[in-house]
Amino acid sequence: MTKAEAVKWMTVVTEAFYLAAAHIMDVYSRDFTVKYKEDASPVTDQGANQIITQVLAEAYPSYAILAEETAENESERQTRLANPYCFIVDPLDGTKEFVAHIDQFSINIALAYRHEILAGAVYSPTEALLYYAVRGLGAYRTAADGKMPDKFFDENDRIHVSSRTEQLVA
């Protein structure tokens, strides 16, 4: 992905984040009903899921989308797997924290090309922080207060953890 393509991608993803975050924070600020999946995990993010998938589909109509809250049948699954590009969406990561009103949840979007992650972004609506990385361009963290950042991939926003590539311990 070129830097220009990455800037376009981040612009679309940031728009999706902000629209979904407005919905999520509206729900978060009032009483809401919690539904449960078959595995007993909570679901509260259907609206955010719809917002994000719509923004991505409008900007990239030929790309597949794998979204946590969107069911697909076998035919749709096969079509998605055959598509070289696929967005991977978790519209509300940390649903249990969200339900408990603990401000530690995020919205996550990644882009895979031929089943390999090419780019990823995480937005924390309660902290107004945006984290993103694109293969070959590095990883970044920036304040994201609802306005589009002036510049993506600014060296001042670059984050770096370690230069080690061997004998890693997790």
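Me: Why are strand 7 and strand 8 said to pair?

Reply: In this predicted model, strand 7 and strand 8 are joined over six bridges and run in the antiparallel sense. Pairing requires at least two bridges between two strands, so the six bridges here satisfy the condition. As an example of residues that face each other, Ala133 stands opposite Ala139 in strand 8. In general, strands of a sheet pair through backbone hydrogen bonds, either parallel or antiparallel.

Me: What makes strand 8 and strand 9 a pair?

Reply: Strand 8 and strand 9 run antiparallel and are joined by two bridges. The requirement is at least two, so these strands also count as paired. Within this pairing, Tyr140 has Arg158 of strand 9 as its bridge partner.

Me: Why are strand 3 and strand 9 called edge strands?

Reply: The open sheet has seven strands in the order 3-4-5-6-7-8-9, with mixed pairing. Strand 3 (64–67) and strand 9 (158–159) each pair on one side only, and they are the edge strands of this sheet. For strand 3, the pairing with strand 4 (residues 85–93) is parallel and has four bridges. Ala67 has Val89 in strand 4 as its bridge partner.

Me: What makes the side chains of strand 8 alternate?

Reply: Along strand 8 (residues 138–143), Gly138, Tyr140 and Thr142 point to one face and are buried. Ala139, Arg141 and Ala143 point to the other face and are not buried. Buried stands for a relative accessible area under 20%.

Me: Why is Leu66 called partly exposed?

Reply: Leu66, which lies in strand 3, has a relative accessible area of 31%. Buried would require under 20% and exposed over 50%, so a value of 31% is classed as partly exposed.

Me: Why can Leu66 belong to a surface patch?

Reply: Leu66, Ile88 and Ile117 form a nonpolar patch, with about 210 Å² of accessible area together. Patch residues must have over 30% relative accessible area, so Leu66, at 31%, passes that cut-off.

Me: Why is Arg114 called exposed, and what is notable about its phi?

Reply: Arg114 has 54% relative accessibility, and the cut-off for exposed is over 50%, so Arg114 is exposed. Arg114 is located in the loop between strand 5 and strand 6. Its phi is positive, about 50°, although Arg114 is not a glycine.

Me: What class of exposure does Ala128 have, and why?

Reply: Ala128 has a relative accessible area of 22%. Buried means under 20% and exposed over 50%, so Ala128 is partly exposed. Ala128 sits in the loop between strand 6 and strand 7, and its phi, near 55°, is positive in a residue other than glycine. By contrast, a glycine, Gly136, takes a positive phi near 90° in the hairpin of strand 7 and strand 8, which has three residues between the strands.

Me: What makes Tyr63 and Leu118 contacts of Tyr85?

Reply: Contact requires heavy atoms within 4.5 Å. Leaving aside neighbours within four places in sequence, Tyr85 is in contact with several residues, including Tyr63, Leu111, Tyr113 and Leu118. Met25 offers another view of Tyr85: these residues are 60 apart along the chain, and their C-alpha atoms are separated by 30 Å.

Me: Why is Tyr85 itself classed as partly exposed?

Reply: Tyr85, found in strand 4, has a relative accessible area of 26%. That value is neither under 20% nor over 50%, so Tyr85 is partly exposed.

Methods:
Residues numbered from 1 in each chain as written. Predicted model: local features only at pLDDT ≥ 70, side-chain atom pairs only at ≥ 80, totals over all residues. Heavy atoms only, no water. Patch = residues over 30% accessible without salt bridge, like charges linked within 9 Å, V, L, I, M, F, W, Y side chains within 5 Å. Areas by Shrake-Rupley, 256 points an atom, 1.4 Å probe, with all protein chains shown as cover. Salt bridge = Lys/Arg side-chain N within 4 Å of Asp/Glu carboxyl O. Buried < 20%, exposed > 50% of the residue type's maximum accessible area, 1.4 Å probe, protein only.
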